[in-house]
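Here is a structure to read through questions and answers. Each answer sets a value beside the rule that gives it its name.

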Amino acid sequence: MIAWDAVRCVAYSTLVAALALGHVRYAHIVAVVALDGCGFVFFTVAERSSLRHVVTDEQLPAALGRNQAREYAALLAGQPLGGVLYGLSRLAPFLFDAVSYLVSVVSLTLVRAQLQAERVAEPRKLLHEVREGLAWFWNEPFLRTTSLLVMGSDLTLNALYLVVIVLARERGASAALIGAMFAFLGVGGLLGSVIAPRLQRRLSTRAVVGATMCLEAALVPLLFVPGTVTPGLVYGAMFLLHPTWAAVVMAYRLRVAPDELIGRVQSVATLLSLGPVPFAFLGVGFALEAFGTTPSVLALTGVMVVVAAGSVASPAVRAAR
């Protein structure tokens with residue numbers, strides 16, 4: 001975590017320097033974005049893997065729920081803050097990013113907890129380690145099933161991002177209003193974080209998995225409800241149960257994975273979650289261009305209905321502890 005946030009701090013610092021000197025190249029911007037994306041994956045996998053060494057087992061669901069609240073709060077505040085900073089100076093947003101990563105590096109050096117169990121250093125081969133992690137993950141029916149459900153769900157949610165923009169534009173929304181509509185995504189996540197602790201205690205794992213996927217499937221057709229702001233409201237509501245999912249499903253994953261495999265298990269889950277994202281944007285872009293919003297929404301509704309049905313019918317979910 002320290003290494004990658006240091007890399008991201010340096011990357012954004014070079015972009016600030018280039019902007020200040022007036023010598024910015026497109027390739028430079030692409031390189032910084034690529035490093036930021038790689039850092040996000042490595043940091044997220046390491047952060048989630050180490051969480052069970054920072055809090056007790058009883059506190060794990062609450063900690064995951066609070067992490068979700070933090071992420072949605074940052075999402076809610078980030079876009080308006082970026083606009084304000086850019087209004088002050090074109091350097092300001094990137095300087096803010098560089099400083100934020102520097103603060104992260106400093107704060108991480110102050111963490112005194114041992115973030116992994118004691119291990120004996122052994123010479124290992126990367127390919128063998130990847131196979132070992134994949135084999136363990138695939139032999140865990142609940143983890144395998146819920147990660148595949150997330151893959152379908154995340155594909156739909158990311159595709160809907162573009163659909164919401166196009167629907168709002170067709171209904172006369174301005175660019176500023178469309179930007180503001182996505183604040184509902186953060187609002188939905190924050191409200192979900194508030195109710196997550198209660199739902200996590202009262203609902204079974206099976207109920208949480210089924211309810212999360214069924215809610216998303218039920219909301220997709222509501223994008224057809226008239227109204228300029230309606231698409232944003234509906235889209236934000238789709239994230240209402242995500243913090244509860246994190247408090248239950250992600251906590252389950254952290255509890256059952258062996259310490260020596262937890263990073264690889266988290267990597268597989270992250271790959272299944274983020275892997276469909278570029279295909280979602282590409283596919284829905286072509287669909288919107290060729291067929292329009294109505295067929296695209298109907299197709300994504302069909303995807304989510306299949307995912308929701310799988311979450312209810314899956315033997316692995318029904319048998320979950």
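Q: What do the buried residues of helix 3 pack against?
A: In this predicted model, the buried residues of helix 3 pack against helix 2, helix 4 (92–109), helix 8 (183–202) and helix 11 (242–256). Those buried residues are Leu60, Pro61, Ala63, Leu64, Gly65, Asn67, Gln68, Tyr72 and Leu85.

Q: How do you know that the span of helix 3 agrees with its number of residues?
A: Helix 3 covers residues 60–88, and at 1.5 Å a residue its 29 residues should span 42 Å. Because its end C-alpha atoms are 40 Å apart, the two values agree. Helix 3 nevertheless bends by about 35 degrees at Gly78, and a proline, Pro80, follows within four residues.

Q: What makes the span of helix 12 agree with expectation?
A: The 13 residues of helix 12 (residues 262–274) should span 18 Å at 1.5 Å a residue, and its end C-alpha atoms are 18 Å apart, so the expectation is met. The buried residues of helix 12 include Ile262, Val265, Val268, Ala269 and Leu272, and also Arg264 and Gln266. Together, the buried residues of helix 12 pack against helix 2, helix 5 (126–138), helix 6, helix 11 and helix 13 (276–290).

Q: Why is Asp259 called buried?
A: Asp259 has a relative accessible area of 12%, and because buried means under 20%, the word applies to Asp259. Asp259 lies in the loop between helix 11 and helix 12.

Q: What makes the pairing of the side chains of Asp259 and His53 a polar contact?
A: The distance given for these two side chains is 2.6 Å, and because a polar contact requires N or O atoms within 3.5 Å, one able to donate a hydrogen and the other to accept it, the pair is counted as one.

Q: Is Asp36 buried or exposed, and how do you know?
A: Asp36, whose place is in helix 2 (residues 26–50), has a relative accessible area of 17%, and since the limit for buried is under 20%, Asp36 is buried. Its side chain makes a polar contact with the side chain of Tyr12 at 2.8 Å. Leaving aside neighbours within four places in sequence, Asp36 is in contact with Arg8, Tyr12 and Tyr101.

Q: Which residues touch the most other members of the largest nonpolar core?
A: Among the 59 residues of that core, they are Leu160, Val163, Met213, Tyr235 and Met238. Helix 6 (residues 141–170) supplies the largest share of this core, with 11 residues. Apart from it lies another core, of 8 residues, among them Ala11, Tyr12, Leu15 and Val32.

Q: Why is Thr294 called partly exposed?
A: Thr294, found in helix 14 (residues 293–313), has a relative accessibility of 41%. Because buried means under 20% and exposed means over 50%, Thr294 falls in between and counts as partly exposed. Thr294 and Val163 are 131 residues apart in sequence and 9.5 Å apart in space, C-alpha to C-alpha.

Q: How do you know that Cys9 is in no disulfide?
A: The structure holds 0 disulfides. For Cys9, the nearest cysteine sulfur, that of Cys38, is 17 Å away, whereas a disulfide needs two cysteine sulfur atoms within 2.5 Å, so the pair does not qualify. Cys9 is buried, with a relative accessible area of 14%, while Cys214 is partly exposed at 32%.

Definitions and conventions. Residues are numbered from 1 along each chain as its sequence is written. This is a predicted model: local features need pLDDT of at least 70, side-chain atom pairs count only at pLDDT 80 or more; totals for chains, interfaces and linings use all residues. Side-chain values use heavy atoms; hydrogens and water are left out. Helices (H or I, at least four residues) and strands (E, at least two) are DSSP runs, numbered from the N terminus. Buried means under 20% relative accessible area, exposed over 50%, partly exposed in between (1.4 Å probe, protein chains only). Contact means heavy atoms within 4.5 Å. A nonpolar core is a set of buried Ala, Val, Leu, Ile, Met, Phe, Trp, Tyr and Cys residues joined through side-chain atoms within 4.5 Å. The expected span of a helix is 1.5 Å times one less than its number of residues. The bend at a residue is the angle between axes fitted to the seven residues ending there and the seven starting there.
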